[in-house]
Amino acid sequence: MLRPALALALLILPGAALAESLVAARTIRAETVIGPDDLTMADTPFPGALTHPSDALGLEARVTIYAGRPVRAGDLGLPAVVERNQIVPISFLSGGLAIKAEGRALARGGVGDVIRVMNLQSRTTVSGRIAPDGQVLVGLTP
């Protein structure tokens with residue numbers, strides 16, 4: 001006869017083994033937007049791996065994710081709206097003061113990312129946060 005604690009453990013263990021993790025169905029190169037054909041579910045639980053395809057669809061791979069490897073939240077981000085060397089508007093807003101200039105992006109990034117931008121007139125490098133319209137906002141506290 002099984003003890004109640006052992007019987008309970010045997011009932012719980014099979015459920016824990018059924019945990020699924022999201023893995024790459026093929027090699028996904030960095031800077032690729034994730035689509036439904038890029039993902040599959042694995043019966044093996046991987047620490048830190050996403051568990052629902054909807055958490056990854058439409059996001060961009062920040063690093064190369066090899067086929068069969070787990071897809072983690074840190075490997076993904078919003079798709080880039082600014083490319084490296086792209087000419088972007090720079091805006092400094094403080095109270096009633098607004099200064100606008102053009103700059104060259106020194107990195108690529110998505111909405112909300114902080115990148116460095118070189119002001120084309122002064123050749124000064126500043127850091128700013130990318131807005132949804134692609135302009136870079138500088139001088140704002142995060």
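Leu78, Val81 and Val111 make up a nonpolar patch on the surface of this predicted model. Together, the three residues have about 200 Å² of accessible area. One of them, Val111, sits in the loop that links β8 (109-110) to β9 (114-119). Val111 counts as partly exposed because its relative accessible area is 31%, and the class covers values between 20% and 50%.

Another loop residue is Asp37, placed between β1 (21-24) and β2 (39-42). Asp37 has a relative accessibility of 70% and is therefore exposed, the cut-off being over 50%. Along the chain, Asp37 and Leu57 are 20 residues apart; in space, their C-alpha atoms are separated by 9.9 Å.

The two loop residues are listed below.

| Residue | Loop | Relative accessible area |
|---|---|---|
| Asp37 | between β1 (21-24) and β2 (39-42) | 70%, exposed |
| Val111 | between β8 (109-110) and β9 (114-119) | 31%, partly exposed |

As for the protein chain as a whole, its secondary structure consists of one helix and 11 strands. Read from the N terminus, the order of elements is α-β-β-β-β-β-β-β-β-β-β-β, with the helix ahead of the strands.

The protein chain has 142 residues, and 29% of them are buried. Its accessible surface amounts to about 8900 Å², and carbon and sulfur atoms contribute 59% of that area. Among contacts in the protein chain with a separation of 6 or more, 42% join residues 24 or more positions apart.

Conventions:
Residues are numbered from 1 along each chain as its sequence is written. This is a predicted model: local features need pLDDT of at least 70, side-chain atom pairs count only at pLDDT 80 or more; totals for chains, interfaces and linings use all residues. Side-chain values use heavy atoms; hydrogens and water are left out. Patches are made of residues with over 30% relative accessible area and no salt bridge: like charges are joined within 9 Å, nonpolar side chains (Val, Leu, Ile, Met, Phe, Trp, Tyr) within 5 Å. Accessible areas come from the Shrake-Rupley method with a 1.4 Å probe; for residues, only the protein chains shown count as cover. A salt bridge is a side-chain nitrogen of Lys or Arg within 4 Å of a carboxyl oxygen of Asp or Glu. Helices (H or I, at least four residues) and strands (E, at least two) are DSSP runs, numbered from the N terminus. Buried means under 20% relative accessible area, exposed over 50%, partly exposed in between (1.4 Å probe, protein chains only). Contact means heavy atoms within 4.5 Å.
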